[in-house]
Amino acid sequence: MQKVTTLGEFIVQKQEDFPFAKGDLTSLLSTIRLASKVVNREVNKAGLVDDILGSSGDENIQGEVQQKLDIYADQVFIHAMMTRGEVCGVGSEENDEFIAFDNPISRNGRYVILMDPLDGSSNIDVNVSIGTIFSIYRRVSPVGHKAVLEDFLQPGTSQIAAGYVIYGSSTMLVYTTGNGVNGFTLDPSIGTYCLSHPNMRFPDYGNIYSINEGNYIKFPEGVKQYIKYCQIRDEETNRPYTSRYIGSLVADFHRNMIKGGIYIYPTTESAPNGKLRLLYENNPLAFIAEQAGAIATDGYQRILDIKPTELHQRTPLFIGSKKMVEKAMEFMRDFKDFN
Ligand code: AHG
Ligand code: MN
Ligand code: MN
């Protein structure tokens, strides 16, 4: 019988990579692991339970109608963080302001978390993969006090760890602490994540491009030209590429990491900064992408270098196989003046 490594074992084995962390990063990752299993349980039965399905009617700060599971997942993760003490505050897509935990244990927490508790939530009621995205930083404010905004507005290069959970045909937790990317599949029969995808790597090239082409006429000229390039026949570069777009960033990213591909959410006329949020969508996935040998930019510059100014800041995202993103950026540069 092959030896199975569980996520719990793996996290403990890797503790020595973080001499500064004194074990609290290890327990924080365990907190996320636990909360994700609770959310997974609800996601799995979403189709069965009427009152979980559908929208709650409330809107979040970005004017999007919140689905009930968004709120449920938000509460599960926040509650887990608040009660276990490693984290002093959370910034979440579902909360207009960051939450600074005001209790004695949490004030001593040395980390902050940014998260998209449920990504791709418009896909819940059609049984399509959704996800959770998280990003972990060491706080910059003094331990023993409440978290402040500066703790959350750090560039992506300062991330200590980042990851996502994908609730798909199977549930997986994929994360990095800056030493490569590893993926764990939840075995539902024993309720345990097992190492299934060690040292994940993006292929340098792929033949998948993922973009919402419904917005085509509103795209910058460089993106339009790149899409045409993807569609032109060329045997050497294996074109035309295949278009695949789920509408759940986590699921599109995950597929492209395994098969090779590029995901683009550019600016559009109506969304001059794109749609996706820097702190809890783009940065964590950019960190994972780079750790897996891929790249992530806003079309011109590295995502991880952007200095955030707002909690819910948006940036365009070009992420995926290195050679493909480089090619798309070439088009962005060449057609910069045509917009
Ligand atoms: P969320 O459900 O967290 O608001 O994120 C939705 C995001 C992302 O998952 C997806 O890639 C993108 O929105 C899809 O947007 P379009 O429908 O505009 O393509
Ligand atoms: Mn999202
Ligand atoms: Mn979301």
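I take buried to mean under 20% relative accessible area. The model I am reading is predicted.

**Entry: the manganese site**

I looked up ligand 3, a manganese ion. Its donors are Glu-93 (OE), Asp-116 (OD) and Leu-118 (O), at 2.1 to 2.2 Å. Along the chain I read their spacing as E-x22-D-x1-L. I placed two of these donors in the fold: Glu-93 sits in the loop between strand S3 (87-92) and strand S4 (99-100), and Asp-116 in strand S5, so the pair ties together parts that are 23 residues apart in sequence. Are Glu-93 and Asp-116 buried or exposed? I found both buried.

I then checked the other manganese ion, ligand 2. The two ions, ligand 3 and ligand 2, are 3.8 Å apart. Asp-116 coordinates both.

**Entry: around ligand 1**

I counted 18 residues around ligand 1. The closest are Asp-119, Asn-212, Tyr-245, Tyr-263 and Tyr-265. By type, the shell holds six nonpolar, five polar and seven charged residues.

Next I looked for polar side-chain atoms facing oxygen atoms of ligand 1. Tyr-245 has one at 2.5 Å. Lys-275 has one at 2.9 Å. Glu-93, also a donor to ligand 3, has one at 3.0 Å.

I checked the cover too. On its own, ligand 1 has 470 Å² of accessible area, and the protein covers 85% of that.

Which elements give two or more residues to this shell? I noted strand S5 (111-119) and strand S13 (261-265). S5 gives the most, with three residues.

Last, I looked at the domains. Ligand 1 lies between domain 1 (7-197) and domain 2 (208-338), because both give residues to its shell.

Terms used: Residues are numbered from 1 along each chain as its sequence is written. Chains are lettered from A and ligands numbered from 1 in the order in which they are written. This is a predicted model: local features need pLDDT of at least 70, side-chain atom pairs count only at pLDDT 80 or more; totals for chains, interfaces and linings use all residues. Side-chain values use heavy atoms; hydrogens and water are left out. A residue is near a molecule or strand if one of its heavy atoms lies within 4 Å of it. A polar contact is a pair of N or O atoms within 3.5 Å; within protein, one must be able to donate a hydrogen and the other to accept it, and residues adjacent in sequence count only if both atoms are side-chain atoms. Accessible areas come from the Shrake-Rupley method with a 1.4 Å probe; for residues, only the protein chains shown count as cover. Helices (H or I, at least four residues) and strands (E, at least two) are DSSP runs, numbered from the N terminus. Ala, Val, Leu, Ile, Met, Phe, Trp, Tyr, Cys and Pro count as nonpolar, Asp, Glu, Lys and Arg as charged, and the others, Gly among them, as polar. Domain bounds come from an automatic or database domain assignment. Donors are N, O and S atoms within 2.8 Å of the metal (3.2 Å for Na, K and Ca); water is not among the atoms, so sites may look incomplete. Buried means under 20% relative accessible area, exposed over 50%, partly exposed in between (1.4 Å probe, protein chains only).
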